Protein chains: 2
Amino acid sequence: MVESARRRRAMQAAKAAGAQALLVTHGPDVRYLSGFTGSNGAVALFGGQVALFTDGRYTVQAKSEARGIRVVVDKRPAAVLAVEWLLQRKVKQCAFDASQTTVAALEIMRKAVPTISRRKFFLATQGLVAKLREVKEAGEIARIRRAAALGSALFEDVLEYVVAGVSEVEIAAQLEFVARREGADGMSFETIITSGPRTALPHGRASAAKLPRRGFVTMDFGVLLNGYCSDMTRTVHVGKGSEQELDVYHSVLEAQQAAVAAVAAGAECGDVDAAARSVLRKNKLAKWFSHSTGHGVGLEIHEGPRIAAKQKQKLEAGMVITIEPGVYLPGKFGVRIEDMVLVTAKGCEVLTAASPKAWIQV
Amino acid sequence: MVESARRRRAMQAAKAAGAQALLVTHGPDVRYLSGFTGSNGAVALFGGQVALFTDGRYTVQAKSEARGIRVVVDKRPAAVLAVEWLLQRKVKQCAFDASQTTVAALEIMRKAVPTISRRKFFLATQGLVAKLREVKEAGEIARIRRAAALGSALFEDVLEYVVAGVSEVEIAAQLEFVARREGADGMSFETIITSGPRTALPHGRASAAKLPRRGFVTMDFGVLLNGYCSDMTRTVHVGKGSEQELDVYHSVLEAQQAAVAAVAAGAECGDVDAAARSVLRKNKLAKWFSHSTGHGVGLEIHEGPRIAAKQKQKLEAGMVITIEPGVYLPGKFGVRIEDMVLVTAKGCEVLTAASPKAWIQV
């Protein structure tokens, strides 16, 4: 079972960090290690032993999803139950994820430990399971491939609705409807549809604004399919584009393609970011590229690695990342183009390749 | 401006907790105090001074949304910028929300403070702004009323799709499409559509399962409209119900109505929960009511107060809560009925009253 191999790797990572045991409470990590998809759960690992803790809402679901794992249901916080389980097993120190545990939650966990052992019991680690999740297994890649393919198919489907006078939310509604109809469990994040000057907002939501007779429309969206996220962006133009609009579009496209070309196992994330940024710098647009080039995608829409300036982390085969440079001219317009790519030994495979990136005028 | 009055109350609460200043990083709290809706922001309050910190993705949006507030944009973490701003103002101690700040985030904030002042700089508080948000202002109530009315209208709209052989996700797709078309910014949580034995999963997602010829269908959904959430549940029956199904349905309905009748300013939350639970106990079903009776709703789908056993908190006029008892018989079926209600001086107003609760056979 794939989850048991993951648990072995997680336990190894916890040991490497200096802990005897591992306590996991972050939803996607819990799912990764146990299969359980409910909103409240904790997984405790100690040597080869494992248990899942949740509450009464999830009794049936937890037992059906977390096969082969002991499930403990109780009204008290799942993390407290996990700590008690570890204490019963004489654990003296357990790793937890400081980047996923609130100060208040840690305090509650601490109170479950006898005062005498409290000071050393919790070992702060960061993203230990998230790190394992960065490199996807074959089964995960298959799922991500399907999610990306569905997202990509939606783009074509929604293009016919991209017409002057239609509102941004109508496009979002249509997109999300087709996504559901085609089997998506939902969207992987709030659909971004911006038009005209609103395309200068990198993360503007779909609003009631109507598409102009002439201007850009940016569509950034993703589906959730079998637990895995897709993420892509296309920017198209309603009516004839101005010279500046065409120039910016082609600069962003060139930057995006340069970054995609820089992706390969062994490449530094910062170099992929630099590949996009240097194209925009050459075209005097780098100043308006106000975010990083990309991020990992998987069970969560934003995972490691970060494809950003100066990131020394090296890409590994099996990572799935986005490449999404953009240029945003405040008050005027913006352009962003985003693909999902699978890192391979020699380069990458674009998972959203079915959606064209050449200038589209509708 | 409504936000400035909120900031005064927040600053008073921080002072009452013993701090000179307040640092807020939780998204809905940032929005409440500043109007800014981006995903990365921090608000610092010190006396009558206020500043909002975010990153380059949100330059335009922050300035347009957070009117009358100084906006600082930088690549470094928003909370670190806020701490530096407070230090420039000679602040010695600032309150933060321990229930919304991770152990790792606090560590980053701490490092921005000179070692000599570090030990006492951060005062852990919990839900200080969330507490203010529990009682809604007139403007918020108007928005919530519109969100609830839209949610309620959707139920009627979607009923025609509730037919044997249709899949749960098709119903979700239709519901979400109409929500968008009618102006919703999105759904306030992942739509729950369960059918047949899956209704025994209190939080099952919409799946590919097809509606049976005979059996329950539970629809638990909400819209997001102008930033505010709606939340409601109806359970209907496809085909003729069995005696047990009718009995359980009417017990849950009686429990739900008893809890609604117990709502009024001054009532204890635990007593509202007990009103529902005692009806189910009388009918020997309390054991299968495995969650709490309800929760506050507003900018977030789950807010205070908690309507749960033994909660001593008193309801106040202007709170908006859900009343949602349920009974879940594992492997058989489940029933949940949920309204959103506005607490008033003498009782409550059901905001989702347009959706009937009597037994519906489709």
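**Exercise 1. Work out how many residues each chain brings to the contact, and how much area is buried.**

Step 1: start with the head count. Chain B puts in 35 residues and chain A puts in 35 residues, with contact meaning heavy atoms within 4.5 Å. This is a predicted model, where local features need pLDDT of at least 70, side-chain atom pairs count only at pLDDT 80 or more, and totals for chains, interfaces and linings use all residues. Residues are numbered from 1 along each chain as its sequence is written, chains are lettered from A, and side-chain values use heavy atoms, leaving out hydrogens and water.

Step 2: now the area. About 3000 Å² is buried between chain B and chain A, and carbon and sulfur atoms give 61% of that. (Buried area is the accessible area, with a 1.4 Å probe, that two parts lose on being put together, summed over both.)

Step 3: look for the big contributors. R57(B), V103(B) and R180(B) supply 23% of the area that chain B buries against chain A, more than any other three residues.

**Exercise 2. Find the polar links across the interface and the helices on chain B's side.**

Step 1: count the salt bridges. The rule finds two between chain B and chain A, taking a side-chain nitrogen of Lys or Arg within 4 Å of a carboxyl oxygen of Asp or Glu. In one of these, E176(B) pairs with R180(A), and the closest N and O atoms are 2.8 Å apart.

Step 2: place the helices (DSSP runs of H or I, at least four residues). Helix 3 (59–65), helix 5 (103–111) and helix 9 (168–181) of chain B each give at least two residues to the side that touches chain A. Helix 9 of chain B has the largest share, eight residues.

**Exercise 3. Work out how the two copies are related.**

Step 1: superpose them by least squares, on the C-alpha atoms of residues with pLDDT of at least 70 in both. Chain B lands on chain A with an RMSD of 0.0 Å after a turn of 180° and a shift of 0.0 Å along the axis. That is the relation of a two-fold axis.

Step 2: find what sits by the axis. In chain B, the nearest C-alpha belongs to T102(B), 1.9 Å away.

Step 3: compare the surfaces. The copies meet through the same surface, because 100% of the interface residues of chain B are also interface residues in chain A.

**Exercise 4. Locate the cis peptide bond in chain A.**

Step 1: check omega. From G304(A) to P305(A) the bond is cis, with omega near 0°.

Step 2: place the proline. P305(A) lies in strand 14 (residues 303–307) of chain A, a strand being a DSSP run of E, at least two residues.
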